[in-house]
Amino acid sequence: MSKNIVKVGDINCGADELFLISGPCVIEDESIMLKTAEKLKEVTERLNIPMIYKASFQKDNRSSVDFYRGPGIEEGLRILQKVKDEFGFSLVSDVHYPDQVKPAAEVLDIIQIPAYLCMQTDLVVSAAETGKVVNIKHGQFLAPENMIKPAQKVESTGNKNIILTERGFTFGYNDMVVDPRSFYEMRKTDYPVVFDVTHSIRKYGIPSADPNGGARQYLGTLARAGVAAGVDGLFIETHPCPSEALCDAASQLEVTQLEEFLKPLIEIHNIELSYRNSPNH
């Protein structure tokens, strides 16, 4: 259990229960967002795993100006609000600029700071000043122990509603690596730690529409390693048809595969939990 339990709706993030953050990478057609949410509701209720719905209204770090970046904040928040109203999920989405924070906070339960922007002081502080939960994605360029630095920027406002999300490190050119030591180091902050499995398999520099832009064969291995290492939550982007997704097509998990993917992870979590307080753990 984390020393700082972060409340999101009725979910106690950092307590002993594994939680899930899931949904499409970016907001697409409203029907796709609702279809995904409906399936996620069915799966998470069957597995009794608490879930927070995630989709980005804007993806500002696409590698080409020609790639889809989302519907924008106004339309995106409208669709997210509809998901919340129809399915009861708490919501998380990214912000890229300080002026997006206030309108986003009117709809979102968690404000997410993208990995590339985790050290941007004005953005992080603006998110923190809302009093909302702030999910800080681990910058691919930061040592894990340095994630305490953006967390302290949030704390400077008096807000301790912080979640830290691991998503791998830049390793050589166009590749990512997940070092299990990062889970240990980030847990030392006493904030809940989430493992973003699907982003950790992206191959940067290769468009996500290209199947070579992701290494899905590693999803299960990495997820099991993260849960065994004691993460508090999993971040798994899902889509009804990933090959047709408008962003991260090569790395998202097909939503119909999610249930079987999660079953062993829940079992591993329960085993890890039983040993969590042992002196050699």
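## Strand β6, its neighbours and the nonpolar cores

Strands β6 and β7 (residues 133–137) are parallel partners joined by four bridges; pairing here takes at least two DSSP bridges between two strands. This is a predicted model, where local features need pLDDT of at least 70 and side-chain atom pairs count only at pLDDT 80 or more, while totals for chains, interfaces and linings use all residues. Residue numbers start from 1 along each chain as its sequence is written, and side-chain values use heavy atoms, without hydrogens or water.

**Around β6**

- Helices (H or I, at least four residues) and strands (E, at least two) are DSSP runs, numbered from the N terminus.
- Across the β6 and β7 pairing, Ile113 faces Ile136.
- On β5 (residues 90–94), which runs parallel to β6 and shares three bridges with it, Asp94 has Gln112 as its bridge partner.
- The route from β5 to β6 goes through helix α3 (residues 98–105) as a right-handed β-α-β crossover, meaning clockwise from first strand over helix to second, with the strands pointing away from the viewer.
- Another right-handed β-α-β unit consists of β6, α4 (residues 121–129) and β7.
- Ile110 and Gln112 on one face of β6, and Ile111 and Ile113 on the other, are all buried (under 20% relative accessible area, 1.4 Å probe, protein chains only).

**Nonpolar cores**

- A core is a set of buried Ala, Val, Leu, Ile, Met, Phe, Trp, Tyr and Cys residues joined through side-chain atoms within 4.5 Å.
- The largest has 63 residues, and Leu234 and Tyr53 are among those with the most contacts inside it.
- Helix α1 (residues 30–47) contributes most to this core, with six residues.
- A separate second core of 13 residues includes Val6 and Cys13.

Technical notes
Buried < 20%, exposed > 50% of the residue type's maximum accessible area, 1.4 Å probe, protein only.
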